[in-house]
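This report describes selected strands, helices and one loop residue of the structure shown below. The sequence and the coordinates should be consulted alongside the text.

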Amino acid sequence: MRILHTVASLRPETGGPARSVPGLAKASGEQGLEIHVWSPEIPAGYLDMAGFHLHRGTLEDALDEMANPDLIHDHGLWLPVNHRVARVAQQRSIKRLISPRGMLEPWALDHKKWKKRAAWWLYQRRDLQDACMLHATADSEARQFQRLGLTNPVIVIPNGVDLPTPTAHRQPHAGPRTALFLSRIHAKKGLPLLVDAWAKVRPAGWRMVVAGPDEDGHRREIETMVAEAGLSASWEFTGPLEGGEKHRIYQQAALFILPTYSENFGIAVAEALSYRIPVITTTGAPWQGLVDQQCGWWVEPQASTIAVALAKATSTEPVELEAMGDRGFEWVKSEFAWAGISKRMADAYESLPTR
């Protein structure tokens with residue numbers, strides 16, 4: 001079976017799909033599928049990954065080179081590129097599966113809502129209804145599809161994560177212990193809540209590292225809040241981290257915090273757990289398993305509830321935090337490793353209805 005994945009961008013700073021789509025493509029190729037990836041934004045120097053074919057021209061070029069795939073798996077919504085994929089797939093009678101990637105969640109719909117409301121009635125609802133299947137990364141996202149009146153078949157399969165090499169040992173930071181936020185610095189991620197929570201708790205012997213690309217000037221807003229709260233000595237902003245730098249900061253971290261308002265999955269949480277780091281996140285992300293698996297805290301997206309979790313986490317003995325991290329790693333290894341996720345996705349591809 002020949003699959004073409006389409007995604008608006010493969011630039012790392014654009015967020016989770018730039019990592020999860022190539023990850024899924026590579027792992028699906030290992031399942032014996034013929035996998036291709038096309039994006040209009042491929043960074044200079046981006047290397048083709050073993051396991052799939054990368055297309056750098058136009059969408060039509062990619063389709064012609066493949067002599068049309070059996071299926072287009074499109075990732076994301078709202079952008080002109082997603083609408084174009086829908087129209088071209090219809091013109092060529094190619095089945096299309098859509099992963100909305102959280103872009104139908106209530107917070108996302110409310111962000112720039114008037115533009116999205118117009119787009120919904122002009123084309124987006126129709127493009128979704130024409131898909132042969134929708135992919136949700138959590139049950140909560142699938143329920144949101146239903147609330148919006150979408151009646152397509154739905155599969156619920158989480159994102160996968162690459163596990164660090166077995167030889168990746170922890171390298172604690174010399175000095176204060178490290179709490180880490182690693183994601184886009186965007187209004188959706190709830191960083192003002194974390195600033196307020198940290199100001200309430202002011203955990204002794206801890207520092208807060210904020211890593212990730214700035215969006216819409218939000219980093220300056222957060223830095224101003226940090227300064228006004230008198231927290232500048234314990235907060236550090238690193239900018240985007242990739243490759244070895246990202247690996248090192250995960251190795252240094254004793255706690256991971258994602259104070260988000262809304263996530264369809266939250267791949268940074270899975271990544272942190274894969275490095276044996278306990279996590280604090282909110283009910284805006286589908287991570288109740290942190291409580292069930294005893295590897296973190298899952299609280300309402302409010303400064304007061306995040307402060308309670310932060311106080312608890314930063315007063316927990318290091319040996320117990322490490323035990324929580326070990327439990328998180330075992331959970332991720334069994335439930336979110338790419339081999340199992342790609343097998344489930346390959347089975348879903350094979351089961352697609354004829355449209």
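A residue is called buried when its relative accessible area is under 20%. The model discussed here is predicted.

**A loop arginine**

Arg 184 has a relative accessible area of 16% and is therefore buried. This residue belongs to the loop that connects strand S8 (177-182) with helix H7 (191-201). Its side chain forms a polar contact with the side chain of Glu 215, at 3.1 Å. Leaving aside residues up to four places away in sequence, Arg 184 touches Glu 13, Thr 14, Gly 15, Lys 189, Pro 213 and Glu 215. Glu 215 thus appears both as the polar partner of the Arg 184 side chain and among the residues that Arg 184 touches.

**The six-stranded sheet**

Strand S8, which precedes this loop, is part of an open sheet of six strands with parallel pairing, ordered S10-S9-S8-S11-S12-S13. Strand S10 (235-239) and strand S13 (296-299) form the edges, each pairing on one side only. On average, and with direction ignored, neighbouring strands of this sheet are turned by 20° against each other.

S8 and S9 run parallel and are joined by six bridges. Within this pairing, Arg 177 stands opposite Trp 206 of S9, and Thr 178 has Arg 207 of S9 as its bridge partner. Towards the other end of the strand order, strand S12 (residues 279-282) pairs with S13 in the parallel sense over four bridges. There, Thr 282 has Val 299 of S13 as its bridge partner.

How many of the six residues of strand S9 (residues 206-211) are buried? Six of the six are, so S9 is largely enclosed by the rest of the structure. Both of its faces are covered: one side presents Trp 206, Met 208 and Val 210, and the other Arg 207, Val 209 and Ala 211, all of them buried. In S8, five of the six residues are buried, so this strand too is largely enclosed by the rest of the structure.

**Two helices**

The table sets out the lengths and spans of two helices, H1 and H5.

| Helix | Number of residues | Span between end C-alpha atoms | Expected span at 1.5 Å a residue |
|---|---|---|---|
| H1 (residues 17-29) | 13 residues | 18 Å | 18 Å |
| H5 (residues 113-129) | 17 residues | 20 Å | 24 Å |

The span of H1 is close to the expected value. H5, in contrast, spans only 20 Å where a straight helix would span 24 Å, and H5 bends by about 65° at Trp 120.

Trp 120 is itself one of the buried residues of H5, together with Lys 116, Ala 119, Tyr 123, Gln 124, Asp 127 and Leu 128. These buried residues pack against helix H3 (80-91), strand S5 (95-99), helix H4 (106-110) and strand S6 (133-136).

In H1, ten of the 13 residues are buried, so the helix is largely enclosed by the rest of the structure. The buried residues of H1 include Val 21, Pro 22, Leu 24 and Gly 29. Their cover includes strand S1 (2-7), strand S2 (34-38), strand S4 (71-75), helix H10 (267-274) and helix H14 (338-350).

Notes: Residues are numbered from 1 along each chain as its sequence is written. This is a predicted model: local features need pLDDT of at least 70, side-chain atom pairs count only at pLDDT 80 or more; totals for chains, interfaces and linings use all residues. Side-chain values use heavy atoms; hydrogens and water are left out. Two strands pair if DSSP finds at least two bridges between them. Helices (H or I, at least four residues) and strands (E, at least two) are DSSP runs, numbered from the N terminus. Axes are lines fitted to C-alpha atoms, for helices over the stretch in contact, and angles run from 0 to 180 degrees between N-to-C directions. Buried means under 20% relative accessible area, exposed over 50%, partly exposed in between (1.4 Å probe, protein chains only). A polar contact is a pair of N or O atoms within 3.5 Å; within protein, one must be able to donate a hydrogen and the other to accept it, and residues adjacent in sequence count only if both atoms are side-chain atoms. Contact means heavy atoms within 4.5 Å. The expected span of a helix is 1.5 Å times one less than its number of residues. The bend at a residue is the angle between axes fitted to the seven residues ending there and the seven starting there.
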